[in-house]
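Me: I have a structure here that I have not seen before. Can you take me through what its parts are called, and what earns them those names?

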Amino acid sequence: MEVVNGIINKQRGVTVKDVPAKEFIETFAKHLKKGNKIKMPEWASYYKTGCFKDLAPYDADWLYIRAASVAYQLYMRGKVGVNTLRKHYSSSQRRGTIAEHSRLSAGKCIRYSLQELEKAQLVGKMTFENANGASVINGKALTKRGITDMDRIACQIVKNQKK
């Protein structure tokens, strides 16, 4: 397996897994914004990221960061659906003196991020054929272009750390 990895990845083994998540997500969000790969919709300035939040995010570029985080999760997990990502970004809702309960994150921003990443050809749909011969969509996964873009950015982060 190591030999195959060395042949596929010409960057001497530097992948997204070798870089701290926070640094990678910030850098990839800047890359998405600079390359105009994701359009910021008009509803994004008013949108809360979950029912457990009181306010919308303070950062104006929060959707780029969420899209980069979604791409990072796709890289780490392989294939993921919207509901799995809603669980990942979930948090507990504070209800005063009553016990806290876990609440799922809002699905619209995740769905929108996946759609925009798909338009940029970084993400594709996973399909398989069931016993009847019908094809069923089973989540989303990164394309080869998405993986190479993410590995290239991870390599740039490592090079900048060495300087």
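Reply: Gladly. This is a predicted model. Begin with the hairpin: strand 4 and strand 5 form it, with five residues between them. Gly133 sits in the turn and has a positive phi of about 95 degrees.

Me: How do you know that strand 4 and strand 5 pair?

Reply: Two strands pair if DSSP finds at least two bridges between them. Strand 4 (residues 123-129) and strand 5 (residues 135-142) share six bridges, so they count as paired. The sense is antiparallel. Lys125 stands opposite Lys140 in strand 5. Gly124 stands opposite Ala141.

Me: Which strands form the open sheet, and in what order?

Reply: Three strands form the sheet, in the order 1-5-4, with antiparallel pairing. Strand 1 (79-80) and strand 4 are the edge strands.

Me: What makes strand 1 and strand 4 edge strands?

Reply: Each of them pairs on one side only.

Me: Which helix packs on the sheet?

Reply: Helix 3 does, touching strand 1, strand 4 and strand 5. The direction of helix 3 makes about 110 degrees with that of strand 5.

Me: Why is helix 2 called oblique to helix 3?

Reply: Look at the angle. Helix 2 (residues 21-34) and helix 3 (residues 62-77) pack at about 120 degrees, with their axes 8 Å apart. Roughly perpendicular covers 65 to 115 degrees, and roughly antiparallel starts over 145. The angle falls in neither range, so helix 2 is oblique to helix 3. The crossing is right-handed.

Me: Which residues of helix 2 and helix 3 meet?

Reply: From helix 2 they include Phe24, Ile25, Phe28 and Leu32. From helix 3 they include Tyr64, Ile65, Ala68 and Tyr72. By class, this contact of helix 2 with helix 3 has twelve nonpolar, one polar and one charged residues.

Me: Why is helix 3 called roughly perpendicular to helix 6?

Reply: Again, set the angle against the range. The axes of helix 3 and helix 6 (residues 144-162) cross at roughly 105 degrees and come within 11 Å. Angles of 65 to 115 degrees count as roughly perpendicular, so helix 3 and helix 6 earn that name.

Me: How do you know that helix 3 and helix 6 meet?

Reply: Contact means heavy atoms within 4.5 Å. Ala71, Tyr72 and Tyr75 in helix 3 meet Ile147, Met150 and Asp151 in helix 6. The residues of this contact divide into five nonpolar, no polar and one charged.

Me: What makes Asp151 in helix 6 a charged residue?

Reply: Asp is listed with Glu, Lys and Arg as charged, so Asp151 in helix 6 falls in that class.

Conventions: Residues are numbered from 1 along each chain as its sequence is written. This is a predicted model: local features need pLDDT of at least 70, side-chain atom pairs count only at pLDDT 80 or more; totals for chains, interfaces and linings use all residues. Side-chain values use heavy atoms; hydrogens and water are left out. Axes are lines fitted to C-alpha atoms, for helices over the stretch in contact, and angles run from 0 to 180 degrees between N-to-C directions. Helices (H or I, at least four residues) and strands (E, at least two) are DSSP runs, numbered from the N terminus. Angles under 35 degrees count as roughly parallel, over 145 as roughly antiparallel, 65 to 115 as roughly perpendicular and the rest as oblique. A crossing is left-handed if the near helix is turned anticlockwise from the far one by less than a right angle, and right-handed if clockwise.
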